[in-house]
Amino acid sequence: MEQYEGKSILRKIAMGRIFFYEKNHAIVKRERVEDSEAELDRFASARREAARELQDLYEKALKEVGESGAAIFEVHQMMLDDEDYCESVCSMIRQEKVSAAYAAAVTGDNFSQMFASMDDNYMKERAADIRDISERLVRVLHGDAADMGSLAEPVILAADDLAPSETVQLDKSKLLGFVTVHGSANSHTAILARTMNIPAVIGIPVKKEWDGKLAIIDGFTGTVIIEPNEDQILKTRAQMEEEARRANLLKKLKGQKTVTQSGREIHLYANIGGVSDTAEALANDAEGIGLFRSEFLYLESDHYPTEDEQFQVYRLVAQNMAGKKVIIRTLDIGADKNVDYFGLDAEENPALGYRAIRICLTQEEIFKTQLRALLRASAFGNISIMFPMIISVKEIVRIKELVEEVKAELRVIGTTYRDVELGVMIETPAAALISRELAKEVDFFSIGTNDLTQYTLAIDRQNPKLDPFYDAHHPAVLRLIEMTVENGHREGIWVGICGELGADMELTKRFVEMGIDELSVSPAFILPLRELIRKIH
Ligand code: PEP
Ligand code: MG
């Protein structure tokens, strides 16, 4: 028995055999071939087959993660057509009389080393892509299967890390969970795990010899056990049965309204980070999306996402939700969420620094690009827009001017949009204290309790040492929430919570009593909350 602690991505348990996933780094032997012409034909048909695979992957990714996530497969298709690369493989086959697989593998290595040594970051990243397409060609030439199809039963996948091309190729019906060495909470591995609602633990020193061994991954504690003992197996089985029983009971609540015994209705929406999460939101019967953290789009990209790239994603989310409300929060970058291409300076107090709406209001072109994409997408569904880290009425007045400017620009070019609702996130004490004034300017409030707690208690939410002091139940935080609800209602707008506190069942009754209208939570919390609220008087 071996036991490890890592970082959990989803609170669920899985038990099953490990499938050690190894990238196709097998050494390709140098093989001499007599008939070079026949080998050139084999290479040509392998290229056609690889192109077909990439087209399938592109279409699959387009549906699941949208245009910007699928774009990588277009890049691979272009590289597969690259004249220099193909000519290099063909001349090796002709002159050295070697197999197509060997020529593709060697050329792939040479090209990827050349890319890796370049100064330009974009070109450096292409090194992994050229290796990826060479490996694909070698696999096709060897006639290997592209997926986990040979597996008889579902497995826990253990890997060093997973690239996007690998992630979308995995047969999801055969996956019980993931364990990886690398990856972060925002990585593709994490996003996929959340979408599929399967447990995943990252930061585990995965070993090849685990292949085929029984393992338990506990997403509640972040523990991974290899070759568990009889006691651990029995305990896990009981926990899983209990989870399944509860999930079944909760399914009965699908399609039901979330109303208290006295008839007050609370709207339960889902928090998401990308297009693919809409599947989980719908599966858990979310009435809409209460928080789409749009910065994930920026975090996953190596350049400012273009208006079109953003438009595709927002449109897909709106279309997937088929007329249900979709509240998209504008860029909330800065502090812990940093990306190189923004070129943000290091700061003494990043949480109190140049972030979120402060960036958008000083770099208006970045903001207007996002607003244009959002308004264009509004024609395809029921989109609302909300703004993070607001501290003053002045800010919201300027934001509304910019929204009007963008609308005017769209009218000039004849692009349709809808008059979307605009909302403010209440996540600073300043915003809560002036919520009466802010409420006159917008259509709704969504309380971001994660930041509201951090700023009210003066506690850095990123600092694990301060965890014992981070008390979201603190009366000061609850009083600010109550004040916000009251002020919002006085001005006739609805008020919701989209921070983690929204899913805290110890407080649900309090929130209902305060008059909260909406709770936006991770999809898996929706049905348990519905169950609880329906019992409240
Ligand atoms: C919050 O602060 O409560 C919130 C929902 O935003 P984030 O967690 O993304 O900062
Ligand atoms: Mg926040």
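This report describes the barrel, two helix pairs and a salt bridge in a predicted model.

**The barrel**

Eight strands form a closed barrel in the order 9-10-11-12-13-14-15-16, and their pairing is parallel. Direction ignored, neighbouring strands in this sheet are turned against each other by 25° on average. Strand 9, residues 267-272, runs parallel to strand 10, residues 288-293, and 3 bridges join the two. Within this pairing, asparagine 271 stands opposite leucine 291 of strand 10. Strand 9 is also covered by a helix: helix 19, residues 526-533, lies across strand 9 and strand 16 (518-521). The direction of helix 19 is at about 160° to that of strand 9.

**Two helix pairs**

Two packed helices are described by the angle between their axes and the distance between the axes. The table sets out these values for two pairs.

| Helix pair | Angle between axes | Distance between axes |
|---|---|---|
| Helix 2 (residues 83-96) and helix 3 (residues 100-116) | roughly 135° | within 9 Å |
| Helix 10 (residues 307-320) and helix 12 | about 40° | 8 Å |

Angles from 115 to 145 degrees count as oblique, and helix 2 and helix 3 are therefore oblique to each other. Helix 2 passes helix 3 in a right-handed crossing. On the side of helix 2, the contact involves Asp84, Tyr85, Ser88, Val89, Met92 and Ile93. These residues meet Ala100, Tyr102, Ala103, Ala104, Val106, Thr107, Gly108 and Phe111 of helix 3. By class, this contact has 10 nonpolar, 3 polar and 1 charged residues.

Helix 10 and helix 12 are likewise oblique to each other, and their crossing is right-handed. Helix 10 contributes Glu307, Asp308, Gln310, Phe311, Tyr314 and Arg315 to the contact. From helix 12 come Thr369, Gln370, Arg372, Ala373, Leu374, Arg376 and Ala377. The residues of this contact divide into 5 nonpolar, 3 polar and 5 charged.

**Salt bridges**

Side chains of opposite charge can pair when their charged atoms come close. With a cut-off of 4 Å between side-chain nitrogen and carboxyl oxygen, the count comes to 34 salt bridges. One of the pairs consists of glutamate 405 and lysine 368, whose side chains meet at 2.8 Å, N to O. This pair links distant parts of the chain, 37 residues apart. Glutamate 405 belongs to helix 13 (residues 393-412), whereas lysine 368 belongs to helix 12 (residues 364-378). Helix 12 thus appears in two settings: helix 12 packs with helix 10, and its lysine 368 forms a salt bridge with glutamate 405.

How values were computed. Residues are numbered from 1 along each chain as its sequence is written. Chains are lettered from A and ligands numbered from 1 in the order in which they are written. This is a predicted model: local features need pLDDT of at least 70, side-chain atom pairs count only at pLDDT 80 or more; totals for chains, interfaces and linings use all residues. Side-chain values use heavy atoms; hydrogens and water are left out. Axes are lines fitted to C-alpha atoms, for helices over the stretch in contact, and angles run from 0 to 180 degrees between N-to-C directions. Helices (H or I, at least four residues) and strands (E, at least two) are DSSP runs, numbered from the N terminus. Angles under 35 degrees count as roughly parallel, over 145 as roughly antiparallel, 65 to 115 as roughly perpendicular and the rest as oblique. A crossing is left-handed if the near helix is turned anticlockwise from the far one by less than a right angle, and right-handed if clockwise. Contact means heavy atoms within 4.5 Å. Ala, Val, Leu, Ile, Met, Phe, Trp, Tyr, Cys and Pro count as nonpolar, Asp, Glu, Lys and Arg as charged, and the others, Gly among them, as polar. Two strands pair if DSSP finds at least two bridges between them.
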